[in-house]
Amino acid sequence: MQEFDVVIIGAGAAGLMAAATAGYRGRSVAVLDMGKKPGRKILISGGGRCNFTNEYASPDNYLCQNPHFVKSCLSRYTQHDFIELVDRHGLAYHHKTLGQLFCDNSAQDIVDILLTECEWAGVQVMLRSEVLAVSKTDAGYQINTSAGSYQCQSLVVASGGLTMPKLGASPIGYKIAEQFGLKVLPTCAALVPFTLHDHDKQRFDGLSGVSVDCLVSSEDGTQFRENILFTHRGLSGPAILQISSFWQAGQAITINLLPELNLAEHIHTLREQQGQKSLKNTLSVLLPKRLIEIMIAQNDIPDKALNQLTHGEIDSLANYIHQWQIKPNGTEGYRTAEVTLGGVDTDELSSKTFEAKKAPGLFFIGEVIDVTGWLGGYNFQFAWSSGVACGGAA
Ligand code: FDA
């Protein structure tokens, strides 16, 4: 039996950050992970370049049953603090659209920074150690793994959500929460592509790889302005991943295919100047030609010259293009999702330390809890902020 002040389950973003923070306080810390490598999700994130934070991160970018919960940790360890950390390590990075920061070289650079911090803080990282069971002892907690047992005063659960099972996702965190009487909110895949019903799949056959800049809305009125991407399975792209977190089974999404333009006005103006021009050619300048061909073949828009269109037809065309409705069949699920919605109820935790109110010495951080960020570096920012908050107390 090995003894540590703090044992952390999960060598992911949140776990490594908490480990270094607790280690710097002089606590003896062990991080246990079943993987062969630490930070496996960091390594594949952002297309291998890790979108490690967002310059504009704020509590508004998070979904949580208690929207106030994230305020404390995000304000005490901000995106600027993390940027300062990577600057100190000399990380080369660049700004992309919408405040997203990515590594220039590789996501491995972020893992290396975290491991360097852990090494400087005296943290021990134990890999190939699957946590099988946890129990309460007089002195704290006992953890049984596939590679031995541990005893600690403070146990930090940073085991992540259920997305990407092939990268070590497991329900262990939810099980531990339930074992200690904490409520776990229902989970589902989020930041995930949509699958389509067979008739829509057939309709859009041939559009795979086509991407369109759109304004996408969910039935609750949430909107995202980014690209959508047609795939051979359905719909993906940043705007779709974003809206998937706000979508409920059976609902439609509304896609404004031309958010910058008043299409009715545009057609009326062109009709005066180039009445003979076909609607198909007019729209094909504005949107992918193949998409317009499909819409015409399905009789969703008329195959006419501009001067043959009635006012009513122009209005319905504009309505159709600005409010194109699709009812997804479902999502691709945990296999391809970036994050898990739901998890350990934040009402069970201190927003300052992430300690369970019902179980002193037991902490939950990162994706295992009911906090889900938008796409764009927000999820890692929450992992860093919750890790630092917990590491300062565990
Ligand atoms: P994380 O899942 O990272 O770590 C949990 C660790 O616990 C894992 O290493 C796992 O092996 C370990 N574990 C689980 N059960 C265990 C057990 N029983 N015993 C031992 N160990 C166990 N976010 C973002 O902000 N920017 C981005 O660019 C991306 N990109 C991205 C791409 C893809 C493809 C995915 C899937 C996800 C993203 N994300 C992202 C989301 C981001 O990766 C995610 O929110 C964080 O990794 C969550 O960090 P955690 O430390 O909470 O869990």
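By class, the shell around the ligand consists of 16 nonpolar, 15 polar and six charged residues. The structure described here is a predicted model. In this model 37 residues surround the ligand, and the closest of them are G10, G12, G160, G168 and G366. Three elements give two or more residues each to this shell, namely α1 (13–24), α2 (40–44) and α13 (378–391). The most is given by α13, which supplies four residues to the shell around the ligand.

The chain has 394 residues, of which 45% are buried. Its secondary structure comprises 13 helices and 22 strands. The C-alpha trace spans about 85 × 40 × 35 Å along the principal axes of the chain. Among contacts with a separation of 6 or more, 73% are between residues 24 or more positions apart.

The domain assignment divides the chain into domain 1, made of residues 2–189 + 338–391, and domain 2, made of residues 193–331. The C-alpha centres of domain 1 and domain 2 are 39 Å apart. Contact between the two involves seven residues of domain 1 and five residues of domain 2. On the domain 1 side, the residues that touch domain 2 are five nonpolar, one polar and one charged by class.

Two annotations from an unreviewed UniProt entry were compared with the model. The first, "domain: RsdA/BaiN/AoA(So)-like Rossmann fold-like", covers residues 5–391 according to the record. Over residues 5–391 the chain is 31% helix and 25% strand, with 12 Å between the end C-alpha atoms. The second annotation in the record, "transmembrane region", is placed at residues 6–24. In the model, residues 6–24 are 63% helix and 21% strand, and the C-alpha atoms at the two ends of this span lie 12 Å apart.

An open sheet is formed by seven strands in the order β17-β16-β13-β14-β15-β12-β18, with antiparallel pairing. Strands β17 (324–326) and β18 (330–331) stand at the edges; each has a single partner strand, so one side of each is left without a neighbour in the sheet. In general, the strands of a sheet pair through backbone hydrogen bonds, in either a parallel or an antiparallel manner. Within this sheet, strand β13 (residues 211–217) runs antiparallel to strand β16 (residues 253–256), and three bridges join the two. L215 has N256 in β16 as its bridge partner.

At the level of single residues, S129 was examined. S129 lies in the loop between β7 (124–126) and β8 (131–136). S129 has 21 other C-beta atoms within 10 Å and is therefore classed as buried, the cut-off being 20 or more. Not counting residues up to four places away in sequence, S129 touches L32, D33, M34, T145, S146 and A147. S45 is 84 residues from S129 along the chain, and the C-alpha atoms of these two serines are separated by 23 Å.

Methods: Residues numbered from 1 in each chain as written. Predicted model: local features only at pLDDT ≥ 70, side-chain atom pairs only at ≥ 80, totals over all residues. Pairing = 2+ DSSP bridges. Near = placed C-beta within 6 Å. Nonpolar A, V, L, I, M, F, W, Y, C, P; charged D, E, K, R; others polar. UniProt positions renumbered as here; feature names shortened; annotations may be inferred. Buried ≥ 20, exposed ≤ 12 C-beta atoms within 10 Å, placed from the backbone. Domains from an automatic or database assignment.
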